[in-house]
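Good morning, everyone, and thank you for making the time. Please take a look at the model on the screen before I go through how its parts meet.

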Amino acid sequence: MAYMSKSFFDFKYIVWILAIATLLASVAYPLFILIYSSFMVNGHFSLASYQRVFSSPETYEYTRNTLILGVLVTIIASIIGVLLAWIVVRTDLPYKRLLSTLAVLPFVFPPYIGAIAWIQLAAPYVGYLNRILMAFGLPGDTINIYTFGGLLMVMSFRFYVYTFLTTSAALEQIDPSLEEAARMSGARMMKVAKDVTLRLVAPSIASGALLTFIAVISNFGIPALIGMRAHYYVLTTMIYAAFSIPDLNKATAYSMILLVIAAVALYVQRRMFREQKYTTITGKTVRPSVARLGKWRIPVFAIVLIFVTITAIIPLISITLSAFLKEVRLNPLNPSSWTLKNLYEVLFVNPDTTIAIKTSLFLSISSATIITLYGALLAYLIVKTNIKGRSFLDWLSSVPYALPGTVVAIAIILAFIKTPLYNTIWILLLAYFIRYMSYGVRTIVGALMQIDKSLEEAARMCGASWLGTMKDIVLPLLKSGLVASWILVFMPTLGELTVSIILYPPDNPTIGVATYNLMEEGLYSWAYALAFIVSIIVIIAHVVVRKITGRLGVRGV
Amino acid sequence: MNKLGVVAIIVVIAIIIAAAAYYYYSTQQSKTQKTVTIHLYTSMPTNIATQLIQMFEKKYPNIHVELYRSGTSKVLAKLQAEIESGHVVCDIIWVADPSGIVQLKDKGYLLKFTPNDADRILYKDPDGYWYAGRIIVPVIAWNTQILKSNHPTSWLDLASPQYKATLPSPWNKASTWAAIPNPLYSGAATVVAYVLSEKYGWKYFEEIKNNGVTVVKSNSAVLNGIINKEYPVGVTLDYMVRQHKANGDPVDYVFPKDAVILIPSPIAILKTTPHPDAAKTFVNFILSKEVQEWLSQQGFIPARSDVKLPAGVPALNTLNVVQINWDQVAKNLENVRTQFQNIMMK
């Protein structure tokens, strides 16, 4: 390395050391403390925490519930996602672009917003749908959202997006010649789809299904708002309950169980993803062959349209109507029950919600900015250098997002409880940074890969320093990637609930926490007004990011 | 890099600095002017606590009160965490029920003191460590638009299928027709669970569960559910119903005839307080006739014998009040919560 200029050598390695140190302190250290604490009781090595949780039947019940919910939602969501992906990518359906936009829309909102939208639609006696059914003389609890079935439905309607994204990406990339060969040898359309296409995209489906499973077992908002009322308890909600008692030992032990389940699923998923690269993705963009639906074209279109309306549009209508109703029990179609009062009070009057909005805006803007800057550095090290340990950096930065947020939050509590950070807004900023770091890193890695290395080499050959090359060549080309990264972090952090509910300082709730608390208190009008504000901001951000990246505005995998 | 990029980055950084500065300023500004700051941890409703603090700071301009408000369990948990960390911020604690305060007293964390007019305070610790700052009563409430007659009158009605059958359709066949608050969050709910499990045994809770009584988070959640017509009946706190009724909401309540549970909401000073005089001044202020009268006007049952009860509340000695041994409640706290959870939340 003697031929390297000195400034380049120094700066790159300083950045490298900083990146490693930050990652070790913010990601590796809390996870280490979590595992370590689970084996410590009163400062001594002990298996007492585990003995206690494994000797109580509830532990098995919560673990079983978590697994059952995870598996069932994964099956339902994968069936929906795969069918939808095939229809949207491989048939001659009209308005495909609109349909695929709507199909990913549920994913743009925080999960609990979907849950509260469905609560307002399908709660017994008071839900809009039940009120309509009651008008036709049916019982007021015909549809009851507070049941296991309700939980399954709300989760499936959100989490099908994983398999939809992985499957449609794979369908767009597989070599159509194989299918054409099958069709030419006389196979019928459905048989081709079943025998050839399905087999080719199977690894992508499996990968999407495992991501769905991890997302479902990690989710807090939906099981907390719907599962608790249905008396269906899962590990995330019970970690939160144990933490509220407060029984930190129990919360830690439950976290370890969830961590192990998620880690196994993640390991299998990563292995599969690696193999899948060699089997289905040719790397070239190919024009996929399109199956003609013939007389089924319009009925299929109608079914898909109705489905995406149910999953994407109706919940949004539910939130919007409720936000503008004087009382949620009033008739939403009667203009005399409409009001702007809820929005006004949430934005300017209610001390909890005004602080929450301020806090969340501050947190999401700062974490988006910090992550984008840090992500750019890390991504550069990963893509454009051959420094030792860069794949380790890549892996470490992706860990906190892949693991359940509740577990990450408990790990952060354990690691930082004795520091002045605890119970301040700064621990939330740290948590958001840790958890959403991979959004920035992955997005910018993707953008950097598209910049040809020869450009930099040219600049460097002309005598530009590393810093100069970065500033004049790389950054301008990277601009859209940076903006995308910023928005992709801003969107989920604005309404974040899972991590915030455990870490928020009592006098600084976030929007997610405030909405959740308002729902729990039965103060629905304010909760819907907050959810409405978040929805509007997030939709705008989603549209902007789609414009910029030209791809689906969600970081799929 | 082009100019636009530079400008964009500067703007973003400026926004962050401005946001951080604004945030810092808005949280700090109130702390700078006053001479002494005391920290009040309470489960009193936010608007009431805020108004009390405003009244206090107007009267004692050199004492600033910082408020932390949450449910009783959460308030006690926060204090417990502070005690364990060795850095107690809380100076005054004022929660819904005495069980947690009794535990604090037994562990020697409270400051003994005698307020002015101590003999006029209806409920207090015999050793002088805590005093009732108000009295709360768990009551049975209902939606008056749904239940026009034949409202429940006793705890036993909640467990009775015969009573449920008298409800108007569709509630007589509904899977859920009543709600009670969760002891994990509400101190008053813990006392209710303790008293009723002593009086009727834990089978009472199995019966109400099988009869269609569900558990929601807090007393105010129960009440909002009644008003929103999620269920017609629920167990909540007396003053909340009075306040909502006064606002014209369709809700009314009874003191259950088989057991009225009067819960003194204790206020106490932490031994670790660096400002014992300011803390005593605040507690004296809360227990004063002036403030207790104001609380009574807001619908709370006052803690002093020389203050009139809120409109519509009968003299307390005419009610079927159960005697409660707070030491026993404190000892059984964990057990009550666990039993309740095992029965009601399955």
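Let me begin with the term I will lean on: two residues are in contact if their C-beta atoms, placed from the backbone, lie within 7 Å. This is a predicted model, in which local features need pLDDT of at least 70 and side-chain atom pairs count only at pLDDT 80 or more, while totals for chains, interfaces and linings use all residues. Residues are numbered from 1 along each chain as its sequence is written, and chains are lettered from A and ligands numbered from 1 in the order in which they are written.

With that in hand, 33 residues of chain A are in contact with 32 residues of chain B. On the chain B side, at least two residues each come from helix H1 (3-32), helix H3 (72-85) and helix H9 (219-227) of chain B, where helices are DSSP runs of H or I, at least four residues, numbered from the N terminus. The largest share of that side, six residues, is supplied by H1(B).

Turning to chain A alone, we have domain 1 (1-46 + 340-557) and domain 2 (50-334), with bounds that come from an automatic or database domain assignment. The C-alpha centres of these two domains of chain A lie 25 Å apart, and their contact takes 43 residues from domain 1 and 41 residues from domain 2. Several helices of chain A each supply at least two residues of the domain 1 side, including helix H1 (6-38) and helix H20 (466-494), but the largest share, 12 residues, comes from H23(A).
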